[in-house]
Amino acid sequence: MSTTLPWFNAAFPLYLAPMAGVSDKIFRQICKRYGADVLVTEFVSAEGIFRRNERTRQYLDFDDRERPLGVQLFGANPAHMAQAAKQVVDWVGPDFIDLNFGCPVNKVVAKNGGSALLKDCPTLSSVAKAVVRAVAPLPVTAKIRIGWDANSINAVRVAEILQECGIAALAVHGRTRAQGYSGEADWRVIGEVAEAVTIPVIGNGDLFSAQEVARRRTETKIAGVMIGRAAMSAPWIFRQIKYYLVTGEPLPAPELSERWNVIIEHCRRHADDWGDEEQAIRSMRAHLMAYSKNFPEAKALREKFQHVSAVAEIEDIAEAHQRASREWLLPNASPLRPGCPPGRKRARTCRQMAHGSTQHVELQSDSVIINS
Ligand SMILES: Cc1cc2nc3c(=O)[nH]c(=O)nc-3n(C[C@H](O)[C@H](O)[C@H](O)COP(=O)(O)O)c2cc1C
């Protein structure tokens, strides 16, 4: 592997995937605290930057503690992309620019952006070359899907082209554009890309546990991984992955109280940031639904989250949920105790909640220190 990106040197970096409407500054910082090594902004329209659109400008906001951080751009006009990238570098000074060649959304592909460029390699190449030239020596990376559809899987060819254009690293989401988020990520193709090029390849798609990351790392020549949806419901997955990669032992999810603290912190900071608390909390519902995914009594929580519009309401829900869970955990509680969560999953849920970590893991930028 040849690289100019220091976070790949003797390390296996964990990237937080760019996710529009999700991976904003607050969420990125939470993931960073739990061990995400490299962060990427939500995708930003090059045309919006080119037109100095104020809303687009806000997506670029980040804090120094998030470094190394990349700003992801999408667009299909090489000159505009180059100018937008240069503008971003002058405005906010990211550590790298990331080019989006994977977005499946109709509005984006209709303008030949995102994954549409997988079908138009000459334009993809012109965009990549123009941006690399415009921001040099700042590194430029790219994120692709494995092809447009099942009949046109061309990730290896695209990766070779991007490498020739001077792209410094490549994230590969193992789905075609036609798949959207359905089916499974094809890790065989990700592995072929990692074999074919010398730049670091970051594997992405359906990584929901530390064990899966370890398996993919062993099976392919990927130089790092990128985690998306799993981090939405469990930002602590980065800590779990690092712990597992170092020790070979699974690290349980944090205790319920810590998980609630993260949710409340996220909501509070989001409300502060927006100014309008009601609007802010309503806009958090997708996050709240995701967070509740691995919680005991998740269905009841999701129903409650559908109606929240204030931080205080979430704090009340958190308190009641933790109170109830303490009752479920009373040492002599019978499995049939009315307070226990009903259903087949009861025993497992109670065990999960009882799982407190006995070890403390302290994370540094690219290493893990484990204190018993
Ligand atoms: C809500 C959401 C928003 C996304 N937005 C972006 C984006 O702005 N740019 C991008 O390159 N990929 C985007 N993606 C794709 C993810 O970065 C990632 O490739 C995909 O979710 C597969 O990874 P996962 O299985 O770990 O979630 C988005 C995915 C989701 C679920």
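## Exercises on a predicted model

Among the 22 residues around the ligand, the nearest are Ala-17, Met-19, Phe-43, Gly-228 and Arg-229; a residue is near a molecule if its C-beta atom, placed from the backbone, lies within 6 Å of it. Numbering starts from 1 along each chain as its sequence is written. The model is predicted, so local features need pLDDT of at least 70 and side-chain atom pairs count only at pLDDT 80 or more, while totals for chains, interfaces and linings use all residues.

**Exercise 1.** Sort the shell around the ligand into nonpolar, polar and charged residues.

*Solution.* Start with the classes: Ala, Val, Leu, Ile, Met, Phe, Trp, Tyr, Cys and Pro are nonpolar, Asp, Glu, Lys and Arg are charged, and the others, Gly among them, are polar. Then count: you get 10 nonpolar, eight polar and four charged.

**Exercise 2.** Work out how strand β9 (residues 224-227) is covered and which strands pair with it.

*Solution.* Helices (H or I, at least four residues) and strands (E, at least two) are DSSP runs, numbered from the N terminus. Buried means 20 or more other C-beta atoms within 10 Å of a residue's own, exposed means 12 or fewer, and partly exposed is in between, with C-beta atoms placed from the backbone.

- Step 1: check both faces. Gly-224 and Met-226 are buried on one side, Val-225 and Ile-227 on the other.
- Step 2: look for partners, where pairing takes at least two DSSP bridges. Strand β1 (residues 14-16) runs parallel to β9 with three bridges, and Leu-16 sits opposite Ile-227.
- Step 3: try β8 (residues 201-204). It is also parallel to β9, through three bridges, with Asn-204 opposite Met-226.

**Exercise 3.** Find the cis peptide bonds that lead into Pro-68 and Pro-137, and place both prolines.

*Solution.* Arg-67 to Pro-68 is cis, with omega near 0 degrees; Pro-68 is in the loop between α3 (54-59) and β4 (69-74). Ala-136 to Pro-137 is cis too, at an omega of about 5 degrees, and Pro-137 is in the loop between α6 and β6.

**Exercise 4.** Is Ala-10, with its positive phi, buried or exposed? Do the same check for Glu-297.

*Solution.* Recall that most residues other than glycine have a negative phi. Ala-10 has a phi of about 55 degrees and is in the segment before β1. Ala-10 has 7 other C-beta atoms within 10 Å, so it is exposed. Glu-297, with a phi of about 60 degrees, lies in the loop between α14 (285-292) and α15 (298-305). Its 18 C-beta neighbours inside 10 Å make Glu-297 partly exposed.
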